[in-house]
Amino acid sequence: MMIGYDKNLSYDSYLKHYLKDVLNLDDVQLLYTNRFGCYSFTTVAPMRGCKNCEYINNYPHFNIPLDVSLKELDDFINHRPIYNEDFTLRYGDIHPNKPIPMLGQLRNLYVDDMIKGLIRTSGEINNIFTIGDISKKTINKFLDSYSQSERKIAFETLYTSLMHGKFLDFELLDDYSKYCDVSIEKTDGVLSKLGFVDIDYLRESELYKYAEIYDFIRNLSYSNGINENDEIKYFLQEFMFLLNPCIKDSVIINIIGQDQSEHIKKVLQVKKDNNLDLNVMFLTYNICKSAASRNLEEWSEILYNIIETNNIQIDDEKIEAFDFLRLFYAAVGTNQIIDFNIIKNINIVMFDKIFCSLSRRSLTNFNGFSLTGEQLIAKMALINQVYYNALISGNPSKVTRFLFDIMKAYNSVQEKEKVRDLYNAVVTTAMTDLSINKTKIYKRRGL
C-alpha cells in the first residue's frame with residue numbers, strides 16, 4: 001500500500017497523448033474487454049465527455065489504431081521515460097548492533113528492487129539503504145567492553161558527537177566508525193549472496209551534519225515532539241532524511257513495514273500542519289510471521305521446506321530457495337500478511353506458464369476465449385498504465401498478474417508467429433524490470 005500518495009504524480013506516454021487529443025480522455029483508467037460485446041477499450045468507471053466513441057450503459061467504447069498501440073509498446077521496450085521527476089527510494093533501516101536482517105525484513109529489499117525497476121524517468125533515481133548508527137542500543141553494544149563509569153562518559157560523548165556534530169573525542173568517534181564499517185560489511189556480504197549488489201548505504205548520523213535542518217525540525221509545529229532529554233522524537237527524526245537538501249526536491253518513497261503505521265501518520269500530520277513542500281510517499285508492506293531468523297542457512301532451510309511441502313516446480317524441477325523468494329514477492333501483494341510456517345496456495349505456477357509461453361511451448365485450456373494478434377497488441381498496450389498503478393499502489397504484483405493475463409491471451413492467438421517477437425520483448429522487458437532476470441531459472445533459459 002502506498003500512503004501519502006501525491007495526486008500530482010502522473011505519467012506521460014504516446015498512448016496518453018492520443019487519448020487526450022482524439023478522445024478527450026485525460027488520466028483515466030482503461031480496460032480492454034468484451035463485456036458489452038466485441039472487444040474494445042472502455043473506462044473502468046462510467047463517464048461522460050469522451051469524443052469519437054460509442055456509449056453503452058454510460059461507458060465509452062472505442063478502438064485505438066494499431067500504429068498507436070505499436071508505438072506505445074516500442075517506447076516501452078526501449079525504456080522511453082514516462083516520468084520527468086527525480087526519485088529517491090529509501091529502504092533497509094538496519095542497525096549496526098544487528099547487521100544481519102531478519103528473514104521477514106528481506107521483504108523490503110525485494111519490494112525495493114521491483115519498484116525501482118518500474119520507474120521509467122528522465123530524472124535520477126537515488127536508491128538508499130539506511131543504517132541506524134545513532135541508535136542508543138547500537139552505541140551501548142559498541143561500549144559493552146567499557147566499565148560502567150567510563151561507559152557513561154563515552155556514551156554521552158558519542159551520542160552528542162553523532163547528533164550535533166560536536167566532535168568531542170575524535171579517537172572514540174573513529175573507533176565507533178570502524179565498528180559500524182565492520183557491521184556494514186557483514187550486511188553487504190549477506191545481501192550480495194542474495195543478489196543485491198552495488199547498494200548505496202547511508203549512515204543516519206550523516207544527516208545530522210545539517211545543524212540548520214535539526215534546528216528547523218525542533219521548531220516544527222507539533223505537540224509533544226521533544227523528548228525529556230531535549231532531543232527530537234523518533235517520528236520527527238524522519239524529517240532529517242526528508243529535508244536533506246540532496247533529495248528534498250525529488251519524489252521520495254520510503255519503504256517501511258505496515259506495523260509502523262502510527263509513525264507514518266505522525267510524519268504526514270507534521271508535514272500537513274507545517275505546510276512542508278515535500279513529495280513523500282510511504283510504501284508499506286505487511287508483516288511476515290515466523291521469520292525472525294538472522295541466519296542465511298536457516299533462511300534456506302525454511303524456504304526449502306516451503307518448496308518441498310508445496311511441491312513448487314518450474315520446468316518440472318524444484319527451484320532454488322532464493323529464486324522462490326524473489327518470485328514469491330513478485331506474485332504476492334504487499335498488503336498480504338505472510339506466515340512462513342503456513343504458506344499455501346502459492347501462485348508461482350504463474351511464472352512457470354509465462355516461461356513456457358516464452359519458450360514457445362503450446363499451452364491450452366484457457367477458458368475457450370481467443371484473440372487475434374491485433375487484439376493481443378491492444379491488450380499489451382496498457383503496460384505503462386499497469387506500471388503506473390503498481391507504483392502508486394506500492395504493489396508490484398499488479399505487473400505480474402498483468403503478464404499472466406496477457407500470457408493467457410497470447411496462448412489463445414491462432415497465428416502466434418505474427419506477434420511472437422513483440423510478445424516476447426514485452427514480457428522479458430517487464431520481467432527484467434521486476435528483477436526476475438536475477439533468478440537462476442531465467443538465466444538458465446537464456447531469455
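This passage describes the overall fold, surface, charges and cysteines of a predicted protein model. Local features were considered only at pLDDT of at least 70 and side-chain atom pairs only at pLDDT 80 or more, whereas totals for chains, interfaces and linings use all residues. Residues are numbered from 1 along each chain as its sequence is written, and side-chain values use heavy atoms, with hydrogens and water left out.

The protein contains 18 helices and 14 strands, taken as DSSP runs (H or I, at least four residues, for helices; E, at least two, for strands) and numbered from the N terminus. Its radius of gyration, 25 Å, agrees with the value near 22 Å for a compact globule of 447 residues; the radius is taken over C-alpha atoms, and the globule rule is 2.2 Å times the number of residues to the power 0.38. The C-alpha trace spans about 80 × 50 × 35 Å along the principal axes. Of the contacts (heavy atoms within 4.5 Å) with a separation of 6 or more, 71% involve residues 24 or more positions apart.

Buried residues (under 20% relative accessible area, 1.4 Å probe, protein chains only) account for 53% of the 447 residues. The exposed area is about 21,000 Å², of which carbon and sulfur atoms supply 46%; areas were computed by the Shrake-Rupley method with a 1.4 Å probe.

No disulfides (cysteine sulfur pairs within 2.5 Å) are present in the structure. Cys50 is in no disulfide, and the nearest cysteine sulfur, that of Cys53, lies 3.4 Å away. Cys50 counts as buried because its relative accessibility is 9%. Cys356 is also buried, with a relative accessible area of 4%.

Notes:
Buried < 20%, exposed > 50% of the residue type's maximum accessible area, 1.4 Å probe, protein only.
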